[in-house]
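Here's a walk through one model, going from a few aromatic rings out to the sheets and cores. Keep the structure open as you read.

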Amino acid sequence: MLFFPVSVIGIEFNDTRCYYFLSSNSTLEIDYTHSVSLTKVVDTYRVSKDGIYAFQEKWQEFLAGQPTNFDYRAGEFYVKNLNIFLGKSWEYWFIPVNNATVKLDGKVIFIQPKEEGIMKIEIRRAPILVIISRRC
């Protein structure tokens, strides 16, 4: 049973890799501070065994690479709804000022250490034993 493969989401940052069980339609939220405007950005993805879909972007300022078109305002945020298939992996480069936090279905699964690095998100199949031993 421990060698039975299941769908997982892997979060890798520098030399640390963690795996979590993936439901049929999970929500992944990446919350960080924009390095130029120093305002909050929230990227939301739908993730399933089929891959990663960009679902929604929320941001507070129109500076340095932040989107200029949006669908609506929600409090202090500009919101853009999306439905873009990104594949089975996606990467972010974070520096210490970003203070990134990752949530899977509302539960915090990753908090950026005080170092820069590339965070890779990957959808794959892995044995249950790997998930148990590589959960952070």
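Let's start at F70, which is partly exposed, with a relative accessible area of 34%. Bear in mind that this is a predicted model. F62 comes out at 34% relative accessibility as well, so F62 also counts as partly exposed. F62 and F70 form a tilted aromatic pair, with 6.1 Å from centre to centre and 40 degrees between the planes. Zoom out a little and ring pairs join W59, F62, F70 and Y78 into a cluster.

While you're in this part of the chain, have a look at T68. It sits in the loop between β5 (51-59) and β6. With 64% relative accessibility, T68 counts as exposed. T68 and K80 are twelve residues apart along the chain, and their C-alpha atoms are separated by 9.8 Å.

Back to the rings: how many aromatic pairs are there by this rule? The count comes to ten. Another one of them is F13 with F110, whose ring centres are 5.4 Å apart with the planes at 50 degrees, so this pair is tilted too. F13 belongs to strand β1 (residues 5-13) and F110 to strand β10, so to speak a link between distant parts of the chain, 97 residues apart. Both F13 and F110 are buried.

Two rings also have a charge sitting over them. Here they are side by side:

| Charged residue | Ring | Distance to ring centre |
|---|---|---|
| R46 | F55 | 4.1 Å |
| K58 | F77 | 5.1 Å |

Now for the sheets. One is an open sheet of seven strands with antiparallel pairing, and its order reads β6-β7-β5-β4-β3-β9-β10. Which strands stand at its edges? They are β6 (72-74) and β10 (107-111); each has a single partner strand, so one side of each is left without a neighbour in the sheet. From one strand to the next, the twist averages 30 degrees. At the β10 end, strand β9 (residues 101-104) pairs with β10 in the antiparallel sense over four bridges. T101 is found opposite I111 in β10.

There's another open sheet, made of four strands in the order β2-β1-β11-β8, again with antiparallel pairing. Its edges are β2 (16-21) and β8 (89-94), and since each has a single partner strand, one side of each lacks a neighbour in the sheet. Neighbouring strands here are turned by 25 degrees against each other on average, direction ignored. β8 and strand β11 (residues 117-127) run antiparallel to each other, paired over six bridges. If you want a spot to click on, W90 stands opposite I121 in β11.

I121 turns up again in the packing. The largest nonpolar core has 26 residues, and those touching the most other members are I9, L28, I30, V47, M119 and I121. So what does L28 contact, leaving aside its neighbours within four places in sequence? The list is I9, D43, T44, Y45, V47, V102, K103, L104, I109 and I121. Apart from this core lies another, of six residues, including Y19, A126, I128 and I131. As a general point, nonpolar side chains tend to be buried together in soluble globular proteins.

Conventions:
Residues numbered from 1 in each chain as written. Predicted model: local features only at pLDDT ≥ 70, side-chain atom pairs only at ≥ 80, totals over all residues. Heavy atoms only, no water. Pairing = 2+ DSSP bridges. Helix = DSSP H or I, 4+ residues; strand = E, 2+ residues; numbered from the N terminus. Axes fitted to C-alpha atoms, helices over the stretch in contact; angles between N-to-C directions. Core = buried A, V, L, I, M, F, W, Y, C linked by side-chain atoms within 4.5 Å. Buried < 20%, exposed > 50% of the residue type's maximum accessible area, 1.4 Å probe, protein only. Contact = heavy atoms within 4.5 Å. Phe/Tyr/Trp six-rings, centres within 6.5 Å; stacked < 30°, edge-to-face > 60°. Lys NZ or Arg CZ within 6 Å of the ring centre and 35° of its normal.
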